[in-house]
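Colleague: I am new to this structure and would like to go through it in questions and answers. Please show it first.

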Amino acid sequence: MNPHEWPRTWQPSRRDFLRSALVAAGAVTAGGVLSSCSSSLDPNTVTLGSRLSDKNSKVGVEDFVAMYRQQTGGDIRVNTVDSTSFQENVNNYLQGTPDDVFTWMGGYRMKYFADKGLVEDISNVWASNGGGYSDSFKENSTGSDGNQYLIPFFYYPWAVFYRPSLWAERGYEPPKTYDQWVALNKQMQADNITPIGFGARDGWPPMGTFDYLNLRLNGVDFHRTLLAGDVSWTDNRVRTVFDTWREILPFHQPQPLGRKIADAQTALLNKSVGSLVAGMFVAQSFPAGAERDDLDFFPFPELDSVIGSSAVEAPMDGFMMRADPRNRPAAEKLLTFLTGPEPAVAYAKQDPQAIPAHRDADLSDFPALVRKSADLVQNAGDITQFFDRDTRPDFASIVMIPALQQFIGNPNDVDGLVRSIERQKSAVFGT
């Protein structure tokens with residue numbers, strides 16, 4: 001599953017409906033939009049709309065559904081649609097006849113639907129069962145009105161991934177600071193190794209590098225304010241982000257605009273690059289066993305000792321309830337079940353990118369990489385959700401993807417770039 005397959009939910013004139021995929025999933029109405037499972041109301045059955053559609057994810061869903069049936073005696077009817085189609089059609093889906101519970105994301109993506117009144121306040125479920133989540137997870141499940149609208153399920157941190165066997169062979173050590181990172185990248189180049197894998201063809205992957213540079217240079221508060229549209233992109237602090245990025249671009253794989261993130265992950269697997277700034281989903285490209293065991297990461301290095309490096313990018317997925325659910329008792333019963341650690345553990349055992357969100361999840365049987373990822377996030381000073389989840393989707397897709405690709409293609413006109421972004425941002429945000 002590509003966790004950032006690009007959503008264009010709020011831009012009907014630009015989206016390309018993947019109609020055939022939806023038809024195959026049994027989820028297209030005559031109007032061509034995502035619809036819920038059709039069934040008569042059964043008090044013991046709840047419907048679940050799921051975008052967890054790749055092979056491993058579907059098995060994980062099947063496992064926690066089986067657990068729910070066994071433990072509660074209830075039933076879940078799952079309506080699975082490929083992730084891209086789900087995201088592109090979710091706005092129409094929620095305004096139609098959606099499933100009672102559906103998979104979605106934390107942060108701005110969650111708040112948007114809460115503000116529109118398309119999802120139900122589930123603060124009552126949180127009040128009784130929300131003690132297993134960190135304050136950051138609660139914050140990213142909370143709407144503008146202070147109420148909770150999402151049950152966290154799993155997350156996947158972003159970091160700098162590498163192959164320990166290659167690094168041990170070359171005598172490399174994970175850097176902690178920017179200067180150490182630059183020195184290491186220069187050494188890799190001297191050893192005829194491309195230091196950093198890079199694929200920008202998909203559009204969204206460069207956002208991870210931008211986010212971390214901004215977090216490390218300017219801090220979490222500025223980062224969130226910028227993405228909320230409340231700071232000008234011509235601010236000198238933004239220029240510093242792009243200036244710093246320009247300094248490290250020569251360490252990246254050349255011609256990234258023609259390369260997909262999957263190809264960059266393969267390059268890491270094949271040891272043709274020394275590292276890769278990516279999410280935990282990179283583990284899905286590594287065969288289980290010896291290859292995946294030879295995958296590790298270090299936190300994105302510190303650039304300013306005052307700001308530090310405790311902020312972690314960790315997009316979170318979870319479950320929400322549609323507004324005015326047809327079967328509220330069954331929907332609340334399912335959401336309550338999902339607040340326990342066991343369902344997320346069952347799911348994560350099948351999906352190598354997923355880290356259970358519940359702090360009491362038993363990870364003793366999971367690989368060391370998963371346990372290290374959990375420690376990274378549980379001990380984070382702050383957690384962000386990734387650029388395309390922390391801002392308006394239309395701004396991210398229509399403005400920032402082309403802007404970042406423009407920067408990568410021509411990194412020498414930062415002034416013109418930030419002025420262009422600011423003009424477009426003002427139009428999108430209405431400021």
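Modeller: This is a predicted model. A place to start is a bridge between two strands: valine 46 has isoleucine 76 as its partner in β2.

Colleague: How many bridges join β1 to β2?

Modeller: The pair valine 46 and isoleucine 76 belongs to this contact, with isoleucine 76 on the β2 side. Strand β1 covers residues 45-50 and runs parallel to β2. The number of bridges that join β1 to β2 is six.

Colleague: Which helix packs on the sheet and touches β1, β2, β4 and β10?

Modeller: In the sequence, β4 covers 151-155 and β10 covers 316-321. The helix that touches them, along with β1 and β2, has a direction at about 165° to that of β2. It covers residues 55-72 and is helix α2.

Colleague: In what order do the six strands of the open sheet lie?

Modeller: The pairing in this sheet is mixed. The edge strands, β2 (75-80) and β11 (355-356), each pair on one side only. From one edge to the other, the order is β2-β1-β3-β10-β4-β11.

Colleague: At what angle to β3 does helix α3 run?

Modeller: Helix α3 covers residues 83-95. It lies across β1 and β3, and β3 covers 101-105. The angle between helix α3 and β3 is about 130°.

Colleague: Is strand β7 mostly covered or mostly uncovered, and how many of its residues are buried?

Modeller: Strand β7 covers residues 273-279 and is mostly covered. A residue counts as buried when its relative accessible area is under 20%. In β7 that holds for seven of seven residues.

Colleague: Which residue of β7 is the bridge partner of alanine 159?

Modeller: Strand β5, residues 158-162, pairs with β7 in the antiparallel sense over four bridges. In β7, the partner of alanine 159 is alanine 278.

Colleague: Which residue of β7 is the bridge partner of isoleucine 196?

Modeller: Here the other strand is β6, residues 194-197, which runs parallel to β7 and is joined to it by three bridges. Within β7, isoleucine 196 is partnered by serine 275.

Colleague: How far apart in sequence are the parts that arginine 224 and glutamate 139 tie together?

Modeller: Side chains of opposite charge can pair when their charged atoms come close. Arginine 224 and glutamate 139 form a salt bridge, with their closest N and O atoms 3.6 Å apart. Arginine 224 is in helix α9 (residues 206-227) and glutamate 139 in helix α6 (residues 135-139), so the parts they tie together are apart in sequence by 85 residues.

Colleague: Is aspartate 394 buried or exposed?

Modeller: Aspartate 394 forms a salt bridge with arginine 392, the closest N and O atoms being 2.7 Å apart. Arginine 392 has 26% relative accessibility and counts as partly exposed. Aspartate 394 has 10% relative accessibility, and so it counts as buried.

Colleague: Which residues are joined into one network by salt bridges that share partners?

Modeller: By the rule used here, the model has 15 salt bridges. Where salt bridges share partners, they join into one network Arg51, Asp317 and Arg389.

Colleague: How far apart in space are aspartate 263 and asparagine 236?

Modeller: Aspartate 263 is in helix α11, residues 261-269. Its relative accessible area is 41%, so it is partly exposed. In sequence, aspartate 263 and asparagine 236 are 27 residues apart, and in space, C-alpha to C-alpha, the separation is 34 Å.

Conventions
Residues are numbered from 1 along each chain as its sequence is written. This is a predicted model: local features need pLDDT of at least 70, side-chain atom pairs count only at pLDDT 80 or more; totals for chains, interfaces and linings use all residues. Side-chain values use heavy atoms; hydrogens and water are left out. Buried means under 20% relative accessible area, exposed over 50%, partly exposed in between (1.4 Å probe, protein chains only). Two strands pair if DSSP finds at least two bridges between them. Contact means heavy atoms within 4.5 Å. Axes are lines fitted to C-alpha atoms, for helices over the stretch in contact, and angles run from 0 to 180 degrees between N-to-C directions. A salt bridge is a side-chain nitrogen of Lys or Arg within 4 Å of a carboxyl oxygen of Asp or Glu.
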